[in-house]
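User: I am new to this structure. Please take one part of the model and go through its surroundings closely.

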Amino acid sequence: MTVVGPFGLSVQDRDLTRDVQAGMEAVEAALIEAVKCDVPFITVTASHLIEAGGKRFRPLLVMLAAQFGDPGAPGVVPSAVVVELTHLATLYHDDVMDEAPVRRGAPSANSRWDNSVAILTGDFLFSRASQVLSDLGPEAVRVQADAFERLVTGQILETVGPRPEDDPLRHYLDVLSGKTGSLIAVSCRFGAMMAGAEPWIVDLLTQYGERIGTAFQLADDVLDIASDGHESGKTPGTDLREGVPTLPVLLLRQMPVDPADPEDARLRELLDTDLASDDAGHAEALRLLRRHPALERARRETLRYAEEARALLDPLPECPAKAALQELCDTVAIRTM
């Protein structure tokens, strides 16, 4: 059994392991080359998050989807570079918007330099992604442009928040679909498309990517409340402290107050206060939310998305790549336990 990807993904097929590992190594080398610039300072800032590591989840999906065609096709690795550069660029921008001091265990670009450098570095990565993309043909450009529009739309929706007439939960899922699902869906589409897979397989894997991307983000919501920090990679209750209404809190607000449970009323009271600087209140809210039925409902909702992703794979021919994609669905369940 060989681990070849994030979240402990294991692949037992020797040929698939070889292909995926070779593809991932090629992507890593291409990422390093893609961010080199004649201006040394830009090379340093653009390499910052690449050197910090990361799951490389999107390139992994490109490699697995490519197994349904010719995984050695010339467009496979460059398309994986495009989606990862795009993802990295969004992280530079996100850290500025969130005023995040740390990213991937290292100082964020905005804290190491400043906001302007971080924003411009993100723009630089977008430009390099576009350069790589331009060699992949007009259809690839169209696909990436559509995904980029959805990504930016999701970010804007998150920034402005739901309108009074909007369902907050529906609004939140729309944000996740744009910010996360869109680029993960494109990862699967590019892998299959560049490998020359049949059109119905390309479409099916795109739908799978959308679903699994949303499932992993929802799993992060659960982990932010339920974990001790080792699995999620960040301090437990970070979203809670920052007042970000993620899935468990949104589901709680949909539930009627339990008059027989004084802790339910107390939790809602705490959630209506500013927990950013209230360590005691934050700790109490985290403890109460971990015991609240809303957390279990969030787990079930996350698993529903993962199972929908798994079901989409059913028509695919049986092969090691299909088994690996199914295992990613299983991993969602493990992460939320």
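Analyst: In what follows, contact means heavy atoms within 4.5 Å. The model is predicted, and the part chosen here is Lys322, a residue of helix α15, which covers residues 320–336.

Lys322 counts as buried because its relative accessibility is 2%, and the cut-off for buried is under 20%. What does the side chain of Lys322 reach, and at 3.4 Å? That partner is the backbone oxygen of Leu313. The side chain of Lys322 is also joined to the side chain of Glu318, through a polar contact of 2.7 Å.

The wider surroundings of Lys322 can be listed once its neighbours within four places in sequence are set aside: Lys322 is then in contact with Phe68, Leu313, Asp314, Leu316 and Pro317. Leu313 thus appears both in this list and as the residue whose backbone oxygen the Lys322 side chain reaches.

A separate part of the model is the second largest pocket, with a volume of about 180 Å³. Its lining is made up of 15 residues, and those nearest its centre are Leu240, Gly243, Val244, Arg253 and Leu271. Three helices each give two or more residues to this lining: α10 (238–241), α11 (247–254) and α12 (262–271). Of the elements, α10 gives the most, with 3 residues. By residue type, the lining of the second largest pocket holds 8 nonpolar, 5 charged and 2 polar residues.

How values were computed: Residues numbered from 1 in each chain as written. Predicted model: local features only at pLDDT ≥ 70, side-chain atom pairs only at ≥ 80, totals over all residues. Heavy atoms only, no water. 1 Å grid on protein atoms, 1.4 Å probe; cavity = no way out; pocket = protein on both sides within 12 Å on 5 of 7 lines; lining within 4 Å. Points joined across faces, edges and corners; volume = space filled by probe spheres on them. Helix = DSSP H or I, 4+ residues; strand = E, 2+ residues; numbered from the N terminus. Nonpolar A, V, L, I, M, F, W, Y, C, P; charged D, E, K, R; others polar. Buried < 20%, exposed > 50% of the residue type's maximum accessible area, 1.4 Å probe, protein only. Polar contact = N/O pair within 3.5 Å; in protein donor to acceptor, adjacent residues only side chain to side chain.
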